[in-house]
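Me: I am new to this structure and would like a close look at one part of it. Please keep the sentences short.

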Amino acid sequence: MAGSEGPLKGVKILDLSRILAGPTCTQLLGDLGASVIKIENPATGGDDTRQWGPPYVEDAQGNRSDLSAYFMSANRNKKSVAIDITTTEGQSEIKRLASHADILIENFKPGGLAKYGLDYATLSQDFPSLVYCSISGYGQTGPNASKPGYDLMAQGYGGIMSLTGEPDGAPMKVGVGIADVMCGMYASVGILAALRHRDQTGEGQQIDLALVDAQIAWLINEGANYLTSGTVPQRRGNGHPNIVPYDVYETADGHVILAVGNDSQFRRFCEFIDHPDLADDPRFATNPARLENREALNAVLRPVVKTHASETMIEQLEARKVPVGPVQTLDQVFSTDQVEARQMQIAMQAAPGDVQLIGNPLKLSRTPVTYRAAPPVFGADTQAVLRAEHPFDD
């Protein structure tokens, strides 16, 4: 990685976003080589997530820094600049930085930046080539545009919570802020598409992206199932709406995941559990039949699977080319050889001390991602950036 500065080297991003969706996007683009200046509010001590701990990074003397683990998850490869955009001076500084930028990303409420002259309609007059990405809860239009948006609310409004959890339990959110993260991914794609257009035509544009829209988009097969059938999907716990057996099963010493995707795999699975007759039973011989008779099949499978140890079952089913896997806790995840081989845990030197971070999953053969700067403490780059003739230069 030392010999590469990334495929987006030279792309300059002015980041007015905070929390998770916008920062996820700009960290990804920063990992790919873009220069990112993160604007933080001095009145609040910066991005809200700096206070979303513990845990926090501590210095050598045991003093707590403002680097919470949450903040660090989405803010490497950025410079932190403290600017109060409510002041005339702050607005002038943002406009000066925007004059150097290719991209501006923000997640204020729709219309929230207009009173400061930092909205797209205003900035695009002076900087017509600027790619301006606006992330909000419900988008810039529609009856809910003025409502605030948070990950949990997006998961509730967009339907994913109605699909998540046990059948007889309460609606359940996903264990991490997945609506925010996926919105950040869509933002990255939209920005790169708009940048391509800008490079070809010189014309910038606004990207209007809503948390709720993004969450509805990744309902994927369950959303399409409803639109096709008109039947509202029900929660199935870990079960799959279209494949059986595709679920988490209790073993003698834990749990395993079975993901039997076709009839030949099902037959090999049945041979392993010494029930080859199941593969010939008309109720279970095909996937549509297994879907129709899901409960009857699981009534047979669950007690049988429970007699096997997890490791033995995984080894023997893998040998038979039947998709199977463990359910790991995070200590198990980050201790695996696979994580080490794929560089999914990285170490960086931050101002208070060494930090451990999750690596970028993109593996580009010619222009790999780079980890050039650890997540910054609040305002670390303010003076250097505001005094620089070329503020985005390293």
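Which residues touch the most other members of the largest nonpolar core?

Reply: One thing comes before the details: this is a predicted model.

The residues you ask about are Ile13, Ile135 and Ile191. They touch the most other members of the largest nonpolar core, which has 33 residues. Several elements build this core. Helix 1 (21-31), helix 6 (160-163), helix 7 (178-201) and helix 8 (211-217) each supply at least two residues. So much is also true of three strands: strand 6 (103-106), strand 7 (131-136) and strand 8 (205-210). Helix 7 gives the largest share, 6 residues.

Take Ile13 as the starting point. Set aside its neighbours within four places in sequence. Ile13 is then in contact with Thr26 and Leu29. It also touches the run Ala34, Ser35, Val36 and Ile37. Ile103, Ile105 and Phe392 complete the list for Ile13.

Now move a little along the chain. Ile19 sits in the loop between strand 1 (12-16) and helix 1. Is Ile19 buried or exposed? Its relative accessible area is 18%, so Ile19 is buried. Buried here means under 20%. Leaving out neighbours within four places, Ile19 is in contact with Asp47, Asp48, Thr49 and Trp52. The C-alpha atoms of Ile19 and Gly223 are 28 Å apart, with their positions 204 residues apart along the chain.

Asp47, one of the contacts of Ile19, also takes part in a salt bridge. Its partner is Lys38, and their closest N and O atoms are 2.9 Å apart. Asp47 counts as buried, because its relative accessibility is 4%. Lys38 counts as buried too, because its value is 0%. In general, side chains of opposite charge can pair when their charged atoms come close.

The whole structure has 16 salt bridges. Another of them joins the side chains of Arg198 and Asp199, at 2.9 Å from N to O. Arg198 is buried, with a relative accessible area of 15%. Asp199 has 56% relative accessibility and so counts as exposed. The pair belongs to a network: salt bridges with shared partners join Lys12, Asp102, Arg198 and Asp199.

Glu5 and Lys9 give one more example. Their side chains meet in a salt bridge of 3.5 Å, N to O. Glu5 is partly exposed, at 47% relative accessibility. Lys9 is exposed, at 51%.

Next, helix 13. Its residues are 310-319, and the buried ones are Ser310, Met313, Ile314 and Leu317. Why do these lie on the same side of helix 13? They cover an arc of only 100° around the axis, which puts them there. An α-helix has 3.6 residues a turn, so residues three or four places apart point the same way. The buried residues of helix 13 pack against strand 10 (255-259), helix 10 (263-272), helix 12 (294-305) and strand 11 (324-326). The face turned away from that buried side carries the exposed residues Glu311 and Ala319. Just after helix 13, Lys321 takes a positive phi of about 60°.

Last, the surface. Tyr226, Leu227 and Val232 make a nonpolar patch of about 340 Å². Val232 is in the loop between helix 9 (220-229) and strand 9 (246-250). Val232 counts as exposed, because its relative accessibility is 54%.

Key:
Residues numbered from 1 in each chain as written. Predicted model: local features only at pLDDT ≥ 70, side-chain atom pairs only at ≥ 80, totals over all residues. Heavy atoms only, no water. Patch = residues over 30% accessible without salt bridge, like charges linked within 9 Å, V, L, I, M, F, W, Y side chains within 5 Å. Areas by Shrake-Rupley, 256 points an atom, 1.4 Å probe, with all protein chains shown as cover. Salt bridge = Lys/Arg side-chain N within 4 Å of Asp/Glu carboxyl O. Helix = DSSP H or I, 4+ residues; strand = E, 2+ residues; numbered from the N terminus. Buried < 20%, exposed > 50% of the residue type's maximum accessible area, 1.4 Å probe, protein only. Arc of directions from axis to C-beta. Contact = heavy atoms within 4.5 Å. Core = buried A, V, L, I, M, F, W, Y, C linked by side-chain atoms within 4.5 Å.
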